Amino acid sequence: MKKQFLEMEVSSLRTRTQGVRAKLGDLSTLEGSIRKLGLLNPIIVDADNVVICGNRRFEACRRTGMVRVPVFKVDASVGSTEAYDIEADENLCREPLTAEELARLIQAKRISMHSPLVRWFLRLIAAIARFFKRSKKTG
């Protein structure tokens, strides 16, 4: 499959009349993320600029007033087997963060908000805690 990475006008993209996802759901969190960080994952469109996947991102971009968005233009047509494979894989072939991974992410973010000396000290405390936790298991 050929794909081309582009930046396109939001107004030039079209949604298909009937997609697999019946409702877009609450977009407020996604809109907030786009306002803060921009669109992190490109929208996937066919040769006619019809969205194959990324309808939630597309609608959130429109609502936030974005003029241009990153897209992958692919040579699969909406409604084709290949387009359905693309949509399925994009939505199913990702692994959400576990509770433990999310806790580590939150802790890392908290640490990053401190001065370098405080960050070093907090990392030292975490390393000592891990050391004692391991030695407790083996002892």
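**Charge pairs, nonpolar core and surface patches in a predicted model**

Glu-59 is located in helix α2. The structure described here is a predicted model. With a relative accessibility of 15%, Glu-59 falls below the 20% limit and is therefore classed as buried. The C-alpha atoms of Glu-59 and Glu-31 are 9.0 Å apart in space, although 28 residues separate the two in sequence. A contrasting pair in sequence and space is provided by Cys-53 and Gly-32, which are 21 residues apart along the chain and 20 Å apart from C-alpha to C-alpha. Cys-53 belongs to strand β3, and its relative accessible area of 2% places Cys-53 among the buried residues.

Salt bridges were searched for throughout the structure, and nine were found. One of them joins the side chains of Glu-7 and Arg-68, with an N to O distance of 3.1 Å. Because Glu-7 lies in strand β1 (residues 3-9) and Arg-68 in strand β4, this pair ties together parts of the chain that are 61 residues apart in sequence. Both partners are partly exposed: Glu-7 has a relative accessible area of 49%, and Arg-68 one of 36%.

A further salt bridge connects the side chains of Glu-87 and Arg-16, at 2.9 Å from N to O. Glu-87 is part of helix α3, whereas Arg-16 is in the loop between β1 and α1 (28-37), so the contact ties together parts 71 residues apart in sequence. Glu-87 and Arg-16 are both buried.

Helix α3 also takes part in the salt bridge between Arg-57 and Glu-90, in which the closest N and O atoms are 2.4 Å apart. Since Arg-57 lies in helix α2 and Glu-90 in helix α3, the pair ties together parts that are 33 residues apart in sequence. The two partners fall into separate accessibility classes: Arg-57, at 13% relative accessibility, counts as buried, while Glu-90, at 23%, counts as partly exposed. In addition, Glu-31, Arg-35, Glu-59, Arg-62 and Arg-63 are joined into one network by salt bridges that share partners. The buried residue Glu-59 of helix α2 is thus a member of this network.

The largest nonpolar core contains 13 residues, of which Leu-13, Leu-39, Ile-43, Val-45, Phe-58, Val-69 and Val-71 touch the most other members. At least two residues of this core are supplied by each of β2 (43-45), α2 (55-64) and β4 (68-74). The greatest contribution comes from α2, which gives three residues. In soluble globular proteins, nonpolar side chains tend to be buried together.

Nonpolar side chains also occur at the surface. Leu-117, Trp-120, Phe-121, Leu-124, Ile-125, Ile-128, Phe-131 and Phe-132 form a nonpolar surface patch, and their combined accessible area is about 860 Å². Within this patch, Trp-120 is assigned to helix α5 (residues 116-138). Its relative accessibility of 52% is over the 50% limit, so Trp-120 counts as exposed.

A negative patch on the surface is made up of Asp-75, Glu-82, Asp-85 and Asp-89. Asp-89 is carried by helix α3 (residues 81-92). At 45% relative accessibility, Asp-89 is classed as partly exposed.

Backbone geometry was examined at Asn-49, a residue of the loop between β2 and β3 (51-53). Most residues other than glycine have a negative phi. By contrast, the phi angle of Asn-49 is positive, with a value near 65°. Asn-49 is buried, its relative accessible area being 14%.

Methods: Residues are numbered from 1 along each chain as its sequence is written. This is a predicted model: local features need pLDDT of at least 70, side-chain atom pairs count only at pLDDT 80 or more; totals for chains, interfaces and linings use all residues. Side-chain values use heavy atoms; hydrogens and water are left out. Patches are made of residues with over 30% relative accessible area and no salt bridge: like charges are joined within 9 Å, nonpolar side chains (Val, Leu, Ile, Met, Phe, Trp, Tyr) within 5 Å. Accessible areas come from the Shrake-Rupley method with a 1.4 Å probe; for residues, only the protein chains shown count as cover. A salt bridge is a side-chain nitrogen of Lys or Arg within 4 Å of a carboxyl oxygen of Asp or Glu. Lys and Arg count as positive and Asp and Glu as negative; His and the chain ends are not counted. The place of a charge is taken as NZ of Lys, CZ of Arg, CG of Asp or CD of Glu. Helices (H or I, at least four residues) and strands (E, at least two) are DSSP runs, numbered from the N terminus. Buried means under 20% relative accessible area, exposed over 50%, partly exposed in between (1.4 Å probe, protein chains only). A nonpolar core is a set of buried Ala, Val, Leu, Ile, Met, Phe, Trp, Tyr and Cys residues joined through side-chain atoms within 4.5 Å.
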